[in-house]
Amino acid sequence: MKSRLTQLCNAMIGVGLSLGLATSAGAAQSLQDVMKARGLTEKDLLAAAKTYTPTGGRDEYLAFSSGGQSGQIFVYGIPSMRILKYIGVFTPEPWQGYGFDDESKAVLAEGRIDGKDILYGDTHHPALSEENGDYDGKYLFINDKANPRIAVIDLRDFETKQIVVNPFFKSEHGGTFVTPNTEYVMEATQYAAPYADDFVPLSKFNEVYRGGLAYWKFDKKEGRIKPEQSFVFELPPYSQDLSDAGKGPSYGWGFTNSFCTERYVGGIERGRPPFEAGCSQKDTDFLHITNWKKAAELVKAGKVKKQKGMYLIPIKQAVKEGLLYLIPEPKSPHGVDVTPDGTKIIVSGKLDTHVSVFSFKKIMDAIQHKKFVGRDPYGIPILSMKDTLHTQVALGLGPLHTQMDAKPCIAYTSLYVDSQIAKWDYCKGKVLDKVNIHYNVGHLMAMEGDTAHPDGKYLVSLNKLAIDRFNPVGPLHPQNHQLIDISGDKMQLLYDMPVPLGEPHYVVAIKADKLKPEIRYRSGWNSRANSRSKWRTRAGREKIVRNGNHIDVYGTVIRSHITPEIIEAKVGDTVSLHLTNLERAEDETHGFALRGQNVNLSIEPGKTVSATFKADKAGVFPYYCTEFCSALHLEMQGYLLVAPKNYQAAGVSMSEGQTYTKADYEKQVKTNLETQAVIDSVVAFITSRNYKDFKPVVALVEDATDQLGFADEAKKKAEEYAKKGDYHNATLWAGQWWQYQVKTADLGLRAKTYLEEHGAKVVK
Ligand code: K7E
Ligand code: CUA
């Protein structure tokens, strides 16, 4: 194995250096053959070698991407670009049972608007929680542009735990961005609208319609946003856009772009010029500068009034207290990004070929000396662009978003119209390199590229169009994430990843070793509430409790049976299933599906989930496990019987398909004893190795020990029945004994393979 790899590497290096160099002939020949057959160049091979991850290999970074219109997040590895997970956020996601079990339904219900379920989201900007301006690997946030909402995802289990709805905004975009210690999560409006939920005619646009900027208070210990401690800046009805939080010297301040400060309202069908014309007339729009630190102090001092459960800072108060300033910025800008050292703020022009680099120090100087060039119609002081600019650089057409390198002063900016990425120096104001992408890039993302200490290394270009990059799959094309190597002076395009989910706007990537996800839940855990479930059950304590018309089923799942296997209800009953996964083994999730009731659960080891539904029709409803969890997975099944109201008989009485004799019993016992011999040999192998040095093997052995314990219990039952001469039941229990043996053997063999593959040593 190793020698083959070495040969391949040698061959690749050989090709890279010079085709004339003598290398291991056999391997080079085959590599050449592959190159020829697939039309690959040396450059392709180099790119492949930089992204290829052999089986079992891990990625250096994990990326969390917005899923765009899917209302989800997806997780992929860098540099392999392998997708690892989808996380249901604003949209039900059946694989995780998200939106199907009672616990996750409660999370989605937090996101209702005016009592309506909103079962999608237009997700744009994920943000990772930070400590001192660097990612701490604990939480993830994402916004919903269409229905102004923010969600909190816990990175211990990659599950959505909370959704908050902004009570003032009717749309948003400038979120989520976090302050350097995740004190607050920023969320700015997009399209101005009245704060009230009433009808307000457009003729009152200037007076009543408003933009805004929310600072949602985040409690890191609890992992929850606290609306009652959060505050909102009332802002003029400009279309506020992206935001970023200051850090280092600019800690305590926030920056928010805007467009359409013309406050134009379209109406093309009425003969009015459309929004796009009226919103791009002026040469400048406004960068909003907010002092959240001081605002938080005002809130704390009780000087801000509450409305709709949040603190609302009116424009007047913000101006009076010196919390809010404006700076003109070139025409309909898009991204605003604070440099890692917090000294500069980079604004991308979108309709201007320039990026404008503002100096935080100059901004503070102007504020201190009250050097204003005027006030906007709402009385907000305006600083001069000239006074506050550090430099402006012409990068190309349609600059949108900027990310930072590990090297000081180096940034990357996406050029939407040019379909290029520009690498440039924001200190000296100089363009360094450009690379073509395919096509029309929106955001781009460097490794930990929005923290105080970016890692550089790779850049991902989030392209809006894929056009001719992939095999055609109909008029709706996948999105295209392109991986770019930025470790050298020249950018090198490495890989195209199609995204078949929605249009991701932004991605964040974290060093993989900062994440410490859990393998299993504590037994009986309600993962969404992050507490012990009141519906949890232990092995042997399963029960069905009837309360009038309500049945609570306290059940368990473990390889390979669901307890109970038969549930009887009457028409009109409300049934609540509460299932606890008793497994301790890694990756032993059981699913649960039941016909016709929209019940679909994912029960990971330790988890307790519930599903409540009305049994409104008499009938037979098979249920089963949906994860191929063991060799006897298909037998992990049961029946819900909904009887008519007047039906009398209860209990399970049936004629079985088969009866067993003493000979059957003895045959089964013989098989079991042979199986035990196999298990013993595997156990001998494992225990003769240094298996305790391998964590995954220790977990497998723990689980195998559990299974063997269950086998013993079943064996005892079989022997009791045999003693009584009931060979029918004795055979069935002997069969169950064998089932547990099979699971034990399966685990043992997995452990043995692991030890063999990882070079375990023989010990005494
Ligand atoms: Cu440019 Cu919503 Cu950040 Cu799209 S946004 S690209
Ligand atoms: Cu449990 Cu299949």
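A disulfide, in the sense used in these legends, is a pair of cysteine sulfur atoms within 2.5 Å. The views below are all drawn from a predicted model.

**View 1. The disulfide of Cys260 and Cys279.** By the rule just given, the count comes to 2 disulfides, and one of them joins Cys260 to Cys279, with an S to S distance of 2.0 Å. The link of Cys260 and Cys279 is left-handed, with -60° about the S-S bond. Because Cys260 lies in the loop between strand 14 (253-259) and helix 6 (275-278), while Cys279 lies in the loop between helix 6 and strand 15 (284-291), the pair ties together parts that are 19 residues apart in sequence. Both Cys260 and Cys279 are buried.

**View 2. The disulfide of Cys409 and Cys427.** In this pair the sulfur atoms of Cys409 and Cys427 are 1.9 Å apart and form a disulfide. The torsion about the S-S bond is about -75°, so the link of Cys409 and Cys427 is left-handed. Distant parts of the chain are linked here, 18 residues apart, with Cys409 in the loop between strand 25 (399-404) and strand 26 (410-415) and Cys427 in the loop between strand 27 (420-425) and strand 28 (430-436). Cys409 has a relative accessibility of 19% and counts as buried, because the cut-off for that word is under 20%, whereas Cys427, with a relative accessible area of 28%, is partly exposed. When the bonded cysteines of the protein are numbered in sequence order, the pairing reads 1-2, 3-4.

**View 3. Two nonpolar cores.** In soluble globular proteins, nonpolar side chains tend to be buried together. The largest nonpolar core of this model has 47 residues, and those that touch the most other members are Phe231, Phe233, Phe255, Leu287, Ile345 and Ile363. A second core, separate from that one, has 41 residues, including Ile87, Leu108, Phe158 and Leu515.

**View 4. The second largest pocket.** About 1,600 Å³ of space lies in this pocket. Its lining is made up of 44 residues, of which His561, Glu565, Leu732, Trp733 and Gln736 are the closest to the centre of the pocket. Two or more residues of the lining come from each of strand 37 (550-558), strand 38 (561-563), strand 45 (637-643), helix 12 (695-723) and helix 13 (727-757), and helix 13 gives the largest share, 9 residues. By residue type, the lining of the second largest pocket divides into 17 nonpolar, 16 polar and 11 charged residues. Why is the second largest pocket said to lie between domain 2 and domain 3? Domain 2 (525-643) and domain 3 (662-757) both give residues to the lining, so the pocket lies between them.

**View 5. Buried residues Cys625, Cys629 and Lys607.** Cys625 is buried, with a relative accessible area of 1%, and Cys629 also counts as buried, at 8% relative accessibility. Is Lys607, which is found in the loop between strand 42 (599-603) and strand 43 (608-614), buried or exposed? At 1% relative accessibility, Lys607 counts as buried. Measuring C-alpha to C-alpha in the model, Lys607 and Leu582 are 8.2 Å apart in space, although 25 residues apart in sequence.

Notes. Residues are numbered from 1 along each chain as its sequence is written. Chains are lettered from A and ligands numbered from 1 in the order in which they are written. This is a predicted model: local features need pLDDT of at least 70, side-chain atom pairs count only at pLDDT 80 or more; totals for chains, interfaces and linings use all residues. Side-chain values use heavy atoms; hydrogens and water are left out. On a 1 Å grid over the protein atoms alone, a cavity is a set of points where a 1.4 Å probe fits but cannot get out, and a pocket is an open set with protein on both sides within 12 Å along at least five of seven lines; lining residues have an atom within 4 Å of a point. Grid points are joined across faces, edges and corners, and a volume is the space filled by probe spheres set on the points. Helices (H or I, at least four residues) and strands (E, at least two) are DSSP runs, numbered from the N terminus. Ala, Val, Leu, Ile, Met, Phe, Trp, Tyr, Cys and Pro count as nonpolar, Asp, Glu, Lys and Arg as charged, and the others, Gly among them, as polar. Domain bounds come from an automatic or database domain assignment. Buried means under 20% relative accessible area, exposed over 50%, partly exposed in between (1.4 Å probe, protein chains only). A nonpolar core is a set of buried Ala, Val, Leu, Ile, Met, Phe, Trp, Tyr and Cys residues joined through side-chain atoms within 4.5 Å.
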